[in-house]
Structure formats: structure tokens, C-alpha cells
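Visitor: I should like a close look at the charged side chains and how they pair. Please follow them from one site to the next, and add whatever else bears on burial and exposure.

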Amino acid sequence: MTEAKKIGVPEPLTRLGKAFAEKGYELYLVGGYVRDVLLVGESQEDKKKKDVDATTGARPREIKGILRPIAEHLWTMGERFGTIGAKVGPYDVEVTTYRSDLYTEGSRHPEVTFGESLVDDLARRDFTINAIAASADTGELYDPFGGRQDLSLGVIRAVGEPLDRMRDDPLRMLRAVRFETTLTTPENPFAITSELEAAIRENAHWLESISAERIREEFEKILVSENVAKGLRTLVRLGLMPYIVPEFMETLAVEQDTEFHHKDVFEHTLIVTQNVEAGPILRKAAFFHDIGKPRTLVYEHRCTYCGHKSTQKTAGEGECERCGGRTLPKKIHFYGHENVGAHIAKKAMKRLAYPKDDADAVAHLVSNHMRPMGYAVGRDPWSDSAVRRFVRDTYLERGGRVLADVDMLLKLARADITGSAPRRRRIAEESWRSLKDRVDEVRAEDAIEKLESPLDGNQLMQLFGRGPGRWIKPIKDYLENEVVEGRLGKDDTEGATDLARFYAQEHDLFEEG
């Protein structure tokens, strides 16, 4: 990698380079495209990525003139920042005039000035691994800051003075963690330099000047990465997490009952988040699933004299409210932490400008994540109707789109088991498999999530000779419940008619004042 002098450039991009050369301008491929070609090879990168950044000495008006004859279409949303986008063959290319950016303290938008040379442009970039350029015409590499060597060594190093680069754009503090997290492989782990870490730790508060949307994008890339636990740990260690999800900091050093967990809440959360499927909703559900525990922590005390049980907020010795004897903590409880966690998840995701559907899906999974535990510890086995209700309760749909369902919840529950105490894990895994089999069995019989009343609103209005009103919903809910419980066939309109009349009479729905 350090010896590479040039890279192969696909034909659509060389065609672009030649078009700029004909007008007297150089065009260089920069940033992630060049970095990733050097890391994984040209053929692999070409399969994976079709977004390309390029830079040139041409100004935006000239860029548009060069691109227009060879591009399928242009986009100019970033023109005031010197960027013109174009579709060239299979590539989405953004061409930017040489420039320098500066975020002044308290501002969420950069001050942009155009530059005159490639070296000056590369000097304003964040990290050496992103400050490697390749001629779009010939593929020749330009690496004035040693980016190829840092790629080979697995080093995230700022271009120039770390403090200056972070001040230019404070989001780079999050980007440093993201690159360390996403570029790391077992064969080539990446690490941030100590100088860059110090600059981030001392100035993490600069993130307050960055928009929620930009922070969310970086956080999301860390969450769905293969090394998410490493990334989350680094966000906490460098003091960045308080400016992303401050509530997460409360999980540090919160002990749990050793019968069920062998790690504190923070470490347990990292294990679960790492082990759950890498979808964006599931990863966030895992991240938030126990975030309510610190706020619901209580200690179950037992009196050493009379044996009376009580709950207290502290782990120290207490006084028995019944006999005045000494009480000692015996167990730890987090009553209702799933509901508190769901509330925190919604608030935090709203702050980070996540779509409402995403926030609701995550909160739904968090609020239900203890349900499989109820199956595991229940004294009596669940009936088929209880399993059907579990499937329906965990289902969330909006506008015809499934936001969350029992499959997602079971995946979260399976990952949660990986963070359990080793001696409890085997029992928990057997219970999980049993519940999964039961769910599969009842779903094989019917589309449980779609079960509904055999009579719709129009049929109920015709049956009772009444117009629309609030009286319809309780009858439909009752009939739907009877279907779920297995006491009424989903197509049994005759039985539903009898039950609807019975329900209306029993509840005096049409009693005249």
C-alpha cells in the first residue's frame, strides 16, 4: 500500500478527467473512494461504492460547463460551497473547487473560501488517510501527508495540528471515532493517535455547534458497524457521548443482580448491541434496551431479625420499617425499566432528528423487550392464545409498513441472552428456543398479526341499524379479542353477530338516557 504509485481508474471517471484536462484543469479523486480502493482493492471497491468525491481548480460555473455534455444529469444544491454533483455512468460524482472550510464557534455552517492548489485543499482535510488524491485522468497518487503509510499501520492521524483540524469542523471528532470503528478488521485494527485523542477529549463540547442531523449520521454509521462495541466505548472514553445521548452515561458502573448478569449495565449493553443483528432499528433498540435501569434501580432489603422485605434506593444498611431491626440488601431490581427506557429512547431520538417512525419502532421494541423473560420465568406455560397475543402486542404497523414485529423482538431477546451470566445462559437459550417454536407454530396456522373482527364497521352499523359513532370500536375490539383467543373463527360472521348483540346488551351501549 505504501509503495503504490497509482490506482486503476474506471473508464467513466477517466473520461471525466480527460474532459477537465481538455479545458486546462486537473481533476483529482479524493477522500473515501481513494482510501477504500487502497484498503480493499479496486475490484472490490468498485462493487461496493459508486459515490465519488473529486476536486479541481475550476470554479463552480466552469465545473458545470465541463460536466453538462458528459453527465446524465447535474445537481447544484452545494454550489454555494463550491460543489456540483453529476451522474456519470454508474457513479454519483461530486466535484468541488479547491477550498478551505472553517466553523466559527457557535456556528452550524462553515465559512468557505476557494483555494488555488491541490496541496492546500488536501491540507484542510480531516485525516491523513482521507488526504490522498488520485488523478482522474491517469490514476497517479498524490500523498503529501503520509496517508498511505497510516492506512497500512492502521492510524487515524489529523492532517497537521489536531486542534486546528477539529476546530475547522468539530464533527471530525465523531468522524475519527467512526473511522476507527468501521475501518478496523481483525487483520488490521485502527487506532486514533494520542495527540488527536487529547484534542477530542479537551474539546468535545464543540459538538454543541453541530446540527443534530450531522451528529445522527455519524452515530448511525457507528451503530451499524461490525465493531459497534468498540465505537461506543470510544465515544464514552473521549467524552463525546454526553453530546449524543447523555442518558447513556448513567449506565456506567450500575451494578446488576449477579444471578442474571455478570456485567454492569454499560458493559452488558455493549455486549447486546454488538451481538444483535446489524440493522439500524435493532441496533438502536439494543443500545437503548436497558437505558432505563439507572433511573429505576432499587435494592431489595431483608430484615436480619424478622425477615421483612422492603425496597430502598441505596445499598447500605437500613432500618426495618416493621420491627426496627437491621436490613441488608439481598437483590437488585429495575422495576418498569423497559417503559422508562422506551421514553428515554423516544426523547433522545427526537433530539437527534430521527424520523418518528424509527423512534416509535425502537421505543416499541424497548418497551416489550422483557416479555420473553415473562415466558421464561412463568410458573405456568403460556396457552396458544397467550402466544398469539404476544405476537400481536409486539406488532407495530403504520401506513402499511411494518415498523416492528415479533421476529425483531426475538432477535433482540436472543442478543440479550448473550449478556447474561454464564450459568443462566443455557437455561435462557432453551427458553428462547421454546418460545420461538411456539411463535412459529401459531403463525403457521394464521397470520396472527392480521387477525381482526369478522364484522367490519359497515356490517355492525347495518346489524344495529345505527350510524357511525364511538360505539363501534368497543364491539370490534371485543370480537377481535375473541378471534385472537381462539373462541371465534376469523370468518364466523354468524357467531360474531350473536356475540356483538350479546356484548351490546351486556354493556348497555344503546341505553337511552
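Guide: Arg-125 counts as buried, because its relative accessibility is 14%, under the 20% that sets the limit for burial. In this predicted model, its side chain meets that of Asp-121 in a salt bridge, with 2.9 Å from N to O. Asp-121 is buried as well, at a relative accessibility of 1%. Both partners of this pair therefore fall on the buried side of the limit.

The pair of Arg-351 and Glu-247 combines two levels of exposure. Their closest N and O atoms are 2.8 Å apart, and the contact is a salt bridge. Arg-351 belongs to helix α15, whereas Glu-247 sits in the loop between α11 (228-237) and α12 (265-275), so the bridge ties together parts that are 104 residues apart in sequence. Glu-247 is buried, with a relative accessible area of 8%, while Arg-351 is partly exposed at 39%.

A further pair lies within a single helix. Lys-473 and Asp-477 form a salt bridge whose closest N and O atoms are 2.6 Å apart. Both residues belong to helix α22 (residues 472-484), and because they are four residues apart they are separated by about one helical turn. The geometry behind this is general: an α-helix has 3.6 residues a turn, so residues three or four places apart point the same way. Lys-473 is exposed, with a relative accessible area of 55%, and Asp-477 is partly exposed, at 36%.

Some salt bridges share partners, and in this way Lys-346, Lys-356, Asp-357, Asp-360, Arg-398 and Arg-401 are joined into one network. A search of the whole structure gives 42 salt bridges.

Charged residues also gather on the surface without such pairing. Asp-491, Asp-492, Glu-494 and Asp-498 make up a negative surface patch, and the residues of a patch take part in no salt bridge. One of them, Asp-498, is located in helix α23 (residues 493-506). Ala-504 is found in α23 too, but this residue is buried, with a relative accessible area of 5%. Its C-alpha atom is separated by 80 Å from that of Leu-141, a residue 363 positions away along the chain.

In the segment after α23 comes Asp-508. Phi of Asp-508 is near 50°, a positive value in a residue other than glycine, and Asp-508 counts as partly exposed at 47% relative accessibility. Ala-353 likewise has a positive phi, of about 60°, although it is not a glycine. Ala-353 lies in the loop between α15 (337-351) and α16 (356-368), and its relative accessible area of 27% makes this residue partly exposed.

As a last case of burial, consider helix α4, which spans residues 60-67. Pro-60, Ile-63, Lys-64, Ile-66 and Leu-67 are buried there. Seen down the axis of α4, these buried residues fall within an arc of 165°, so they line one face of the helix. A lysine, Lys-64, is included in this buried set.

Technical notes: Residues numbered from 1 in each chain as written. Predicted model: local features only at pLDDT ≥ 70, side-chain atom pairs only at ≥ 80, totals over all residues. Heavy atoms only, no water. Buried < 20%, exposed > 50% of the residue type's maximum accessible area, 1.4 Å probe, protein only. Helix = DSSP H or I, 4+ residues; strand = E, 2+ residues; numbered from the N terminus. Arc of directions from axis to C-beta. Patch = residues over 30% accessible without salt bridge, like charges linked within 9 Å, V, L, I, M, F, W, Y side chains within 5 Å. Areas by Shrake-Rupley, 256 points an atom, 1.4 Å probe, with all protein chains shown as cover. Salt bridge = Lys/Arg side-chain N within 4 Å of Asp/Glu carboxyl O. Lys, Arg positive; Asp, Glu negative; His and termini not counted. Charge placed at Lys NZ, Arg CZ, Asp CG, Glu CD.
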